[in-house]
Amino acid sequence: MKKYFKFIVAALIVLIFIGTFVFLYQKSQPKPLTYGEFTPKFTDIYKTTVITGTIEPRDEVEVKPQISGIITEIYKEAGDMVKAGEVIAKVKVIPDMSQLSSAESRVRLADINLKQAEIDFQREKGLYDKQLVSADEYDKVRQTLNQAKEEKAAAIDALEVVRDGVSRSNASASSTLIRSTISGLILDIPVKVGNSVILSNTFNDGTTIASVADMGDLIFKGNIDETEVGQLVTGMEMKITIGALQNLKFNAQLEYISPKATENNGANQFEIKAAVSVPEGNKIRSGYSANAEIVLASAKNVLTVPESAIEFSGSDTFVYIVKGSGEDKTYERRKVTTGLSDGVNIQIKSGLSAKDRVRGPKKVTDDGADE
């Protein structure tokens, strides 16, 4: 019995070995290749590009003070609408000591001159009443008195402007009141009550009291790569998408292409601007990120095939035409002339008809291996 058992075990081992060999042999044999097939069709081809940028007001004005001082009142806040000339804030003047001293000295000198002019006028008037001097001499003295009065008034005004930022004679045009220079929406007020501010001069830009913009006139601003900028012309239509507003879409028209490139992450890019047409009822905020889709080229109702069916060889392009069916199926390599591509489909200008069947890429099994 033990003898037969040994023979059975040996036979099983041999069968397992032979079965494994047959299985590995079958797996190693190449399987016939199968390909997808396409029928050329007529459709529209659009070559587009997407430009990332922001929505901004065309004109944004920074309101700056005309004098240096300290903010004492702020009458508006970001988000408020203002009209040109409307007061945004008030500044208390901190006078320059040298200017203040000079203005005070001018007032004292004007007062001295006025007192002397009054004495001279009274003396001259007494002589004129007695007809001891001519009318011409009297008029000159009276004119000197009037000039002295005007000089004192001007000196007092100058002192008040230096000391207070406003004089009684020009209170309606006070430089201590910071007024908006345009009508629009206040985007930002970067100062607070108590902040020191300085006026703009040749040495600094001055302190910005508020940023005001007309939000009814918006533009899209972005950058496009140098490889695509040559296909742009002003006047081209664009589709703007703002993701922050539930994919709001609206139209824009290209109106500016920068003549000079700027380097961005190692690539040369050109700034573009487009006038935005926002539908009524949509509130757009300055600085929203947006994408602009622009059609660089198009071909209407042209014969196309999937670009995956094209074989590129140097400057030539080929397709494989399906001949026959079943086991008799063959593929004929044919040269074609291609045109515009949208990255998925490509235009066929010549070498192919709508009746031809075109071989596509190899089919892939579920495990990722070629069939």
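This report covers aromatic rings, the arginines over them, and the surroundings of Thr-49 in a predicted model.

**Aromatic pair**

A pair of aromatic rings is described by the distance of the centres and the angle of the planes. Rings pair if their centres lie within 6.5 Å, and planes under 30 degrees apart count as stacked, over 60 as edge-to-face and the rest as tilted. By this rule there is one aromatic pair in the model. Phe-121 and Tyr-138 have ring centres 5.7 Å apart and planes at 35°, so the pair is tilted. The pair links distant parts of the chain, with the two positions 17 residues apart in numbering: Phe-121 belongs to helix H2 (residues 97-129) and Tyr-138 to helix H3 (residues 135-164). Both Phe-121 and Tyr-138 are buried.

**Arginines over rings**

Two rings have an arginine over them, as listed here.

| Arginine | Ring | Distance from ring centre |
|---|---|---|
| Arg-333 (charged end) | Phe-318 | 3.7 Å |
| Arg-359 | Tyr-320 | 4.1 Å |

Arg-359 lies over the face of Tyr-320, while the charged end of Arg-333 sits over the ring of Phe-318.

**Thr-49**

Thr-49 is part of strand S2, which covers residues 41-57. Its relative accessible area is 9%; buried means under 20%, so Thr-49 is buried. The side chain of Thr-49 is joined to that of Glu-228 by a polar contact of 2.9 Å. Leaving aside residues up to four places away in sequence, Thr-49 touches Glu-228 and also Ile-224, Ala-292, Glu-293, Ile-294 and Leu-296.

Note on methods. Residues numbered from 1 in each chain as written. Predicted model: local features only at pLDDT ≥ 70, side-chain atom pairs only at ≥ 80, totals over all residues. Heavy atoms only, no water. Phe/Tyr/Trp six-rings, centres within 6.5 Å; stacked < 30°, edge-to-face > 60°. Helix = DSSP H or I, 4+ residues; strand = E, 2+ residues; numbered from the N terminus. Buried < 20%, exposed > 50% of the residue type's maximum accessible area, 1.4 Å probe, protein only. Lys NZ or Arg CZ within 6 Å of the ring centre and 35° of its normal. Polar contact = N/O pair within 3.5 Å; in protein donor to acceptor, adjacent residues only side chain to side chain. Contact = heavy atoms within 4.5 Å.
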